[in-house]
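Q: Could you take me through one spot in this protein where two helices pack together, slowly enough for a first-year student? After that, I'd like to know what else is going on in the same chain.

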Amino acid sequence: MMRELHVSLNQTQKVRLQAAFQHLSDIGSQASSGLLVSVSDTIPVNNEDGILKGHGTSEHDGQVVATLCGVVERVNKLVYVRALRARYKPEVGDIIVGRVIEIAPKRWKLEINFSQDAVLMLQSMNLPDGIQRRRTVVDELNMRTIFEENDVICAEVRGFQHDGSLHLQARSQKYGKLERGQLLRVPAYLVKRRKQHFHDLEQYGVDLILGCNGFIWVGEHVVPADNEMVEDQESTLKDKEQSYTPLEIRQNICRIANSVRLISALGFAISVDAIIDTAEASKSSNIDIKDMLGAEFYVQTAEREVQKRISLLKKKRG
Amino acid sequence: MLTLFCFQPLSQTQLNLLTGLVAQSKKKIRVLGTSKRPVPLEHCLFYSGELYRVGDNEVFLPQGLRAAKEVHKKKNSGMLASNSGALLGGGHGANQPRQRENFSRGKGQMHSGSQSTSNFPGTSGANSSNWGQRKSESSLWFLLLHKLLKKSLLPVVIFCFSKNRCDKSADNLKSADLTSSSEKSEIRIFCDKAFSRLKGSDRNLPQIVRVQSLLRRGIGVHHAGLLPIVKEVVEMLFCRGVIKVLFSTETFAMGVNAPARTAVFDSLRKYDGKDFRQLLPGEYIQMAGRAGRRGLDDIGTVILMCRDDIPEESDLKHVMVGKPTKLESQFRLTYTMILHLLRVEELKVEDMLKRSFAEFHAQKNLPETKKLLLLKLSESTKSIECIKGEPAIEEYFEMAVQAEAYRDHISEAVMQSQSAHHFLSPGKVVVVKSQSDDDHLLGVIIKTPSSTHKKYVVLVLTTDMASSVQSPSAPMNKLKEKENSNTPQGYFIQPKGKRGMDEEYFTSVSSRKGTGAINIKFPYRGNAAGMNYEVREIESKEFMGFCHPKIKIDQISILENPNNAVYSKTVQQLLEHRLDGTKYPPLLDPVKDLKLKDMIAVESYQKHNKLLQKMAENKCHGCIKLKEHLLLLKEQNKLMEEVNALKFQMSDEALQQMPDFQGRIDVLKEIHCIDSDLVVQIKGRVACEMNSGDELICTECLFENQFDDLEPEEAVAIMSAFVFQQKNTSEPTLTPKLAQAKKRLWDTAIKLGELQAQFKLAVYPDEYAKENLKFGLVEVVYEWAKGTSFADICALTDVPEGLIVRTIVRLDETCREFKNAASIMGNSALHKKMETASDAIKRDIVFAASLYVTGV
């Protein structure tokens, strides 16, 4: 997990922050319709027959009882509890960011913030030469040229195998090794599943990957290489080493990264809009990158969030 | 690089299409192939005991067919006379023509049967109890076998197009014995070994006993109704060469690599699920290709059975050397596909649609469309230079277009109204749209439409413009051009005061009865009384308006014997109505005079008038360059429209499947498989697991917890409705609980069908439910899951054993999918239930291991 943000607030800031949180919880209780339960709470089902008990529920003395803290969700006859703070649980198609921790025969093992390590098979990886073929022993020996230990990788969840292990795949130009940037770890529940998790923030020249597992990548924008360009790989490698990330981009990366840190420290849901919004606000109020994690901006961000939700609520009510 | 293996016979055009499609996504493609068959084919007709060669390799030989035809004819003519007596004795009046055919053939051969043999496998099955028919059938097969034996053309595969017919035909050869004693013992040993893996009672299943007795005599049957193990035994024995005659369905030509010396077609027509049709060339080639074993035979013989008739040359040619059918996209957009694509970010569904073969033709032209668009965009459009400073021409143009639309609407309403027909009588003075823009022509109706002549005949005064002096043979399509040229004029507004001074001519039309013939050619042009005139046909919508006056005309003399004097008189009369200042006499007011009553028409009439007034107020109205500018604007608008159309063609919306896709997305949203941002929800994830049945019905049934009160055996029985595929089976008898579950599931399906229909998908609830839920095997599976023996469950239904086994095997797959779904939902009870169900059906003959896997 990310280092806890230690903010030393003065008296007025403390009061402001408390007021903001109070507002938020008020709005939250108004807006949320779901039923909050904690462990062993009875979930009222109104004696309907044919209730389908899903995750986080159990039957006890003829009553449906929650086994998790969270929100009760219903789909048709299915009743399940969506935990509010839970460890990341992979679903097929999730985009995740992970770190290579081990190279095993024909596979890499990745730490992805799940209860077990994920497996990325050599065969579910595009080879560097871009040709689709059987993986040979030579390929196996050269696995380290693709990913080494401690490399940060972006991949997609392929599914659980029969033995219960989690498999990933990276058969696309979008997936692969991530370089020149920062890896941030936030609680996974702050990242919601969206249509898009890859974001190219053009105005900053920065790529942002919101991994569903709570690993967030902020890095220099890379142009996806064409698959067919095979010939001068070595020369491009050299080029890469020679070209440095410009200072401005580095600053941008840091600003975005600090926005993410700030939002997660406040415990707000992390979305591109929120991140850009925070970064823009810091820029417009002339706050240095290093001061973004300071007390004043911390409180400001919380207050801005309150404003945002109030206006959203108003809009909803028309 | 990509290697694509394709073992289908393809024509060059098909190949080009296929490679084009592949090349679209992968850049490099190389095609290797062979156009030569290692064993050449020889195509024959079998008619009345003789073989007639009609084809050699790819070449059609008409001589053979002609010879066969001659024999056929000779028999027909020779027998006709002698048959008449026998016909009376034959009895069945309804079948007479067919019977005669049968007789004529019958005597020449050894048949003495008096029943008709039909070409259709289905119908012959229906009256197979008939002694005579069976006799003639079996003798026909014997005749063929005899011939093949003599020519040593065995082994042979005989393609029949239904399971029933395969069985019947094989049973017809009861007395045939084609194996030597050593072969007999080989077959017996093989069968004993193969069937030894079955449980005692299963070994005595009627099907196994029957097939074994056939096999021993060298005769085999192969179709989907057989048990998998029996099918495998037949295939293996056939490959060993001990089976001499194999009756099989089309599937044998597809999956199994077991060629023979000879391939025989029972008929050239087959039932394809909807109706009987001719075989397609591709199907014929595939089946004919079974003939000729590589390395064993020099030539493969393909024989076509002829019973009553020799097939037509065109039909034969079509299947033998005809063009293969066009490759058609089998791409079907399914809910599972959409869901699978939606949960990964990488590939959009739209991209998937684009890459499908269905869109291939449209996508292929995309670069050209792009070029065309750029060209159109670069086309310089002249800007309008308004002489009055600020240009208001766009506004004016819009109004003009609108006014035109209103006018069309009004005139349509006028023409439909009763009073208008009253006015549209010969002699009425009218104003007609002219082919040049701004002028409308005064004319008089000469003839109203009749049943033979759909258009009005009108004499109009043309102006002295150059176009009017064209030769009378000017092309008729001028009429059509006229419709395109439209510039509005304020012709409807007439000073009201003038209307009073109309002179009334109420001379009746000449009472002489003409023949109705028209002896002049339209358009008929001439010159009289100093004016050019023209007699032409027009449609009712070309009338701009009517005038009050009516003039006397001589219809007959104008139309039948063109006479200059008559014309000049008419023209003069017309001219009288030209008043000073205006070009035409006052027009009738549609509302007041024509008694237009239709609310909408009246409304649009008023709007039209208002619009005209507004137009008059516009400063462009009096502009001298008005016409020029309007034209320019029109051109620009046309260009814009073209550009927009091209842009549309290139966009995703132009994809053929787009409406379907949108509808399906809406359905998925409605049942909460995906949320409003198209993110897949828990229900969608469950639906993704469902592959064996209809994903929506399966998911809905799970989420409604329909299996809650069912035992595992009952649940799996109900689930059989998802995977069983045969229509028209015997009605199963169900326990009340099962019947209730069945009803529940059926209602769910209907509900889903209605929902889909509501979103404009081509789904009909009843059909949808019927298509996806077939309850024919519910009872059988229930009994099987409870542990009843296979022989007993076969007795419960008329479904062939092979299909029962197949359904139960697939049912195990469904159980697994439901198990996965249960773990996604987090319900352990359902998970356990499915596991128990799966264990209950996995036993004995149904899950006997394949002979190919274990060896014999």
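**A helix crossing in chain B**

A: Let's start with handedness: H29(B) and H30(B) cross in a right-handed way (the near helix is turned clockwise from the far one by less than a right angle; anticlockwise would be left-handed). Keep in mind that this is a predicted model, where local features need pLDDT of at least 70 and side-chain atom pairs need 80 or more, while totals for chains, interfaces and linings use all residues. Residues are numbered from 1 along each chain as its sequence is written, chains are lettered from A and ligands numbered from 1 in the order written, and side-chain values use heavy atoms, without hydrogens and water.

Two packed helices are described by the angle between their axes and the distance between the axes. Here, helix H29 covers residues 736–758 of chain B and helix H30 covers residues 765–772, and their axes come within 8 Å and cross at roughly 130°. Helices here are DSSP runs (H or I, at least four residues), as are strands (E, at least two), numbered from the N terminus. The axes are lines fitted to C-alpha atoms over the stretch in contact, with angles from 0 to 180 degrees between N-to-C directions. H29(B) and H30(B) are therefore oblique to each other (under 35 degrees is roughly parallel, over 145 roughly antiparallel, 65 to 115 roughly perpendicular, and the rest oblique).

Who touches whom? On the H29(B) side, the residues include Trp746(B), Ile750(B), Leu752(B) and Glu754(B), and they meet H30(B) residues including Pro765(B), Tyr768(B) and Lys770(B) (contact means heavy atoms within 4.5 Å).

Now zoom out. Chain B has 35 helices and 16 strands, and buried residues make up 50% of its 856 residues (buried is under 20% relative accessible area, exposed over 50%, partly exposed in between, with a 1.4 Å probe and protein chains only). Of the chain B contacts between residues at least 6 apart in sequence, 74% join residues at least 24 apart.

Rings give us another kind of packing. Over all chains there are 10 aromatic pairs (Phe, Tyr or Trp rings, six-membered for Trp, with centres within 6.5 Å; planes under 30 degrees apart are stacked, over 60 edge-to-face, the rest tilted). One of them is the tilted pair of Phe159(B) and Phe265(B), 6.0 Å centre to centre with 35° between the planes. Phe159(B) belongs to strand E4 and Phe265(B) to strand E7, so this pair ties together parts 106 residues apart in sequence. Phe159(B) counts as buried because its relative accessibility is 0%, and Phe265(B) is buried at 0% too. Phe265(B) also pairs with Tyr284(B), this time stacked, at 4.7 Å and 15°. Tyr284(B) sits in helix H12, so the pair with Phe265(B) in strand E7 ties together parts 19 residues apart in sequence. Tyr284(B) is buried as well, and Phe159(B), Phe265(B) and Tyr284(B) form one aromatic cluster.

Charges can sit over rings as well. Arg664(B) has its charged end over the ring of Tyr335(B), 4.7 Å from the centre, and Lys683(B) lies over the face of Phe703(B) at 5.6 Å (NZ of Lys or CZ of Arg within 6 Å of the ring centre and within 35 degrees of the ring normal).

Last stop: an odd backbone angle. Most residues other than glycine have a negative phi. Leu678(B) isn't a glycine, yet its phi is positive, about 65°. You'll find Leu678(B) in the loop between helix H25 and helix H26 of chain B, buried at a relative accessible area of 17%.
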